[in-house]
Amino acid sequence: QKYIDLYLRYREFGEDTNYLYNKYNNDKSLCKHYLYLVKEDLFDDIDKIGKKVKKWVIAHDPFGSIYSNGNKTFEYKLPKNNYLYNINVLGAGDAFAATFINEQITNNKDIHDVIKNSHLKTTNLIKRIKNLLIKSLI
């Protein structure tokens, strides 16, 4: 909780995108640090959302991320040789967020490196789990 605050926008607040809603404590306020979401769940322009967080909004999918602080927007594309095919990626977003937080705490503060390393580490973790599952079935 110290490093991330999870905020969601609920429709009961209408189309007012000046606020994001924290479902955990019923606080209608602006985001404090980071907002992670799947690209397909972007509910507004990423730059507009980026202006509402203190640091970055990160919209990710299995192929990369688009991220914004409200002033600048960047995109990271995972190298094609790291794409995952025929794998259930349920929970990969949680693994990505955990890796992102770990990267920031232990390694570096450069957002571009953190995003890149988080994608690569999450992808490698999923590949290792897949290989372990395959070995256990043999």
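# Exercises on a predicted fold

Helix 2, made of residues 92-106, lies across strand 3, strand 4 (56-61) and strand 5, and runs at about 150° to strand 3. The other long element on the sheet is treated in the same way: helix 3 (residues 111-137) packs there, touching strand 4, strand 5 and strand 6, and its direction makes about 155° with that of strand 5. The model is predicted.

## Exercise 1. The inventory

State how many helices and strands the protein has, and in what order the elements run.

**Solution.**
- Step 1. Count the elements: there are three helices and six strands.
- Step 2. Read from the N terminus on; the order is β-β-β-α-β-β-β-α-α.
- Step 3. Add the overall figures. Of the 138 residues, 38% count as buried. The accessible surface comes to about 8,900 Å², and 52% of it belongs to carbon and sulfur atoms.
- Step 4. Consider the contacts between residues at least 6 apart in sequence: 36% of them join residues at least 24 apart.

## Exercise 2. The sheet

Determine the order of the strands in the open sheet and identify which strands form its edges.

**Solution.**
- Step 1. Four strands form the open sheet, in the order 3-4-5-6, and their pairing is mixed.
- Step 2. Strand 3 (34-38) and strand 6 (73-77) are the edge strands, since each pairs on one side only.
- Step 3. From one strand to the next, the twist averages 15°.
- Step 4. Take the two senses of pairing in turn. Strand 3 and strand 4 pair in the parallel sense over five bridges, and here Y34 stands opposite W56 in strand 4. Strand 5 (residues 64-68) and strand 6 pair in the antiparallel sense, also over five bridges.
- Step 5. Locate residues in the antiparallel pair: in strand 6, G64 has K77 as its bridge partner, and I66 has E75.
- Step 6. Examine the hairpin of strand 5 and strand 6. Four residues lie between these strands, and G70 takes a positive phi near 95°.

## Exercise 3. An enclosed edge strand

Explain why strand 3 can be described as largely enclosed by the rest of the structure.

**Solution.**
- Step 1. Apply the cut-off: a residue is buried when its relative accessible area is under 20%.
- Step 2. Four of the five residues of strand 3 are buried, so this strand is largely enclosed by the rest of the structure.
- Step 3. Recall one neighbour: helix 2 lies across strand 3.

## Exercise 4. Two helices and their cover

Compare the span of each helix with its expected span, and state what covers the buried residues.

**Solution.**
- Step 1. Helix 2 has 15 residues, which should span 21 Å at 1.5 Å a residue; its end C-alpha atoms are 21 Å apart, and this agrees.
- Step 2. Helix 3 has 27 residues and reaches 39 Å from its first C-alpha to its last, close to the 39 Å expected.
- Step 3. The buried residues of helix 2 include A92, F96, F100 and E103. Their cover includes strand 3, strand 4, strand 5 and helix 3.
- Step 4. In helix 3 the buried residues include I111, V114, I115, S118, H119, T122 and I126. Strand 4, strand 5, strand 6 and helix 2 are among the elements that cover the buried residues of helix 3.
- Step 5. Relate the spacing to helix geometry. An α-helix has 3.6 residues a turn, so residues three or four places apart point the same way.

## Exercise 5. Two residues compared

Decide whether H119 and F63 are buried, partly exposed or exposed, and name the residues that each one touches.

**Solution.**
- Step 1. H119 lies in helix 3. At 5% relative accessibility, H119 counts as buried.
- Step 2. Leaving aside residues up to four places away in sequence, H119 touches H60, D61, G64, S65, Y76, L78 and F96.
- Step 3. F63 is placed in the loop between strand 4 and strand 5. At 36% relative accessibility, F63 counts as partly exposed.
- Step 4. With the same neighbours in sequence left aside, F63 touches Y76, K77, L78 and Y83.
- Step 5. Compare chain and space: F63 and K80 are 17 residues apart along the chain, and their C-alpha atoms are separated by 8.1 Å.

## Exercise 6. Aromatic rings

State how many aromatic pairs the count gives when ring centres must lie within 6.5 Å, and which residues the ring pairs link into a cluster.

**Solution.**
- Step 1. The count comes to five aromatic pairs.
- Step 2. Ring pairs link W56, Y67 and F74 into a cluster.
- Step 3. Place one member: W56 is the residue in strand 4 that Y34 stands opposite.

Notes:
Residues are numbered from 1 along each chain as its sequence is written. This is a predicted model: local features need pLDDT of at least 70, side-chain atom pairs count only at pLDDT 80 or more; totals for chains, interfaces and linings use all residues. Side-chain values use heavy atoms; hydrogens and water are left out. Two strands pair if DSSP finds at least two bridges between them. Axes are lines fitted to C-alpha atoms, for helices over the stretch in contact, and angles run from 0 to 180 degrees between N-to-C directions. Contact means heavy atoms within 4.5 Å. Buried means under 20% relative accessible area, exposed over 50%, partly exposed in between (1.4 Å probe, protein chains only). Rings of Phe, Tyr and Trp (its six-membered ring) pair if their centres lie within 6.5 Å; planes under 30 degrees apart count as stacked, over 60 as edge-to-face and the rest as tilted. Accessible areas come from the Shrake-Rupley method with a 1.4 Å probe; for residues, only the protein chains shown count as cover. The expected span of a helix is 1.5 Å times one less than its number of residues.
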